[in-house]
Amino acid sequence: MFKLTAKALACAAIISCAGLAQAAEPIVIKFAHVVAEHTPKGQGALLFKTLAEQRLPGRVKVEVYPNSSLFGDGKEMEALLLGDVHMLAPSLAKFEHYAKQIQIFDLPFLFDNMEAVDRFQASSAGKALLTSMEGKGITGLAYWHNGLKQLSSNKPMHEPKDARGMKFRVQASAVLDEQFKALRAAPRKMSFAEVYQGLQTGVVNGTENTWSNYYSQKVHEVQPYFTASDHGLIDYMVITNTKFWKGLPDDVRSELESIMVEVTAEVNRQADDLNNEARAAIIKAGTSEIIELTPEQRAKWREAMRPVWKKFEQDIGKELIEAAEAANKG
Ligand code: LMR
């Protein structure tokens, strides 16, 4: 009698657990970022949501919070470590307090083009940076492209001397701070959400960013000049809370990882198009002049900014810099 009851109880427990599993609430993944939706990162987050909910129906729900609507600069990393948000994709300029080597991506004129960035990110040296913060509870899932940075200002800038004495908004990055100091300009660290107002009120006179970020934040309305400098990079590392990610059911994590590979390829494929579209829209708006540089002028900007490399060589590592430079050779 007792044995039957125990067996019956065990079966009942399995059925009810199965039933509970069926009815279990989906795992909620909060994905926050600071840019508009019609940008490479904005589109990537939405595509990740779509594919995750399609392929893991009822098991995963992704909540995307664009435009600093949940957490913005200065708050997002702490929120991730506390588990108040589960995924971010900060600019690579925002990791200096977690992994000094990631500053490599801020070195001006390091990469000749996005193909070189691709090659470095896909190299063993580039991939190693994705897991370089796990000791601090942060796992890198992928690199996402945005594009090369252009300068913006309230007066025309053709050569480095034109930037002297001007106040430039920079991301919270020691490398970018030094980059503008090398031009004898005055860098001002400011969150992305404050850029438009900072430029509108004259707190800063100019900044640097990609065409898609400029247009989506309407920066062309408050900046009469852009200099098409291609002087640096804005790319992203998609990151998650290591404990959260490792705590996911194996099949869910494995599916999300393969979705991330698919989304990364799509983000990187369309980034160029989104930036070219934004540049064309700025020209069409007619609010600003886009100054093209001659090769001689661009060489002057490179020469003026290049000393920044030496200042950070110890932090980043000579070998890593050489590996990144090698990626320019295809
Ligand atoms: C910035 O702060 O300018 C960028 O990091 C914004 C972004 O995430 O593209």
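This tour moves through two sheets, the helices that pack on them, and one buried loop residue.

The model is predicted, so local features need pLDDT of at least 70 and side-chain atom pairs count only at pLDDT 80 or more, while totals for chains, interfaces and linings use all residues. Residues are numbered from 1 along each chain as its sequence is written, and side-chain values use heavy atoms, with hydrogens and water left out.

Begin by selecting the open sheet of 5 strands, whose order is β2-β1-β3-β10-β4 with mixed pairing; strands here are DSSP runs of E of at least two residues, helices are runs of H or I of at least four, and both are numbered from the N terminus, while two strands pair if DSSP finds at least two bridges between them. At the edges stand β2 (60-65) and β4 (138-148), each of which pairs on one side only. Colour β1 (residues 27-32) next, which pairs with β2 in the parallel sense over 6 bridges, and find Ile 29, whose bridge partner in β2 is Val 62. Then add helix α10 (residues 250-285), which packs on this sheet, touching β1, β2, β3 (87-88), β4 and β10, where contact means heavy atoms within 4.5 Å.

Move now to the open sheet of 6 strands, ordered β7-β6-β8-β5-β9-β11, again with mixed pairing. Its edges are β7 and β11 (289-292), each with a single partner strand, so one side of each is left without a neighbour in the sheet. Between β6 and β7, which run parallel, there are 4 bridges, and Val 170 stands opposite Lys 189 in β7.

Select helix α6 (residues 174-181) next: 6 of its 8 residues are buried, so the helix is largely enclosed by the rest of the structure, buried meaning under 20% relative accessible area, exposed over 50%, and partly exposed in between (1.4 Å probe, protein chains only). The buried residues include Val 175, Leu 176 and Phe 180, and what covers the buried residues of α6 includes β5 (150-153), β8 (206-209) and α11 (295-305). At the N-terminal end of α6, Ser 173 acts as a cap, with a side-chain oxygen 3.3 Å from the backbone nitrogen of Val 175.

Finish at Ala 163, in the loop between β5 and β6. Is Ala 163 buried or exposed? Ala 163 is buried, with a relative accessible area of 0%. Leaving aside residues up to four places away in sequence, Ala 163 touches Met 157, Phe 168, Leu 183, Ala 185 and Trp 301.

Notes
Polar contact = N/O pair within 3.5 Å; in protein donor to acceptor, adjacent residues only side chain to side chain. Axes fitted to C-alpha atoms, helices over the stretch in contact; angles between N-to-C directions.
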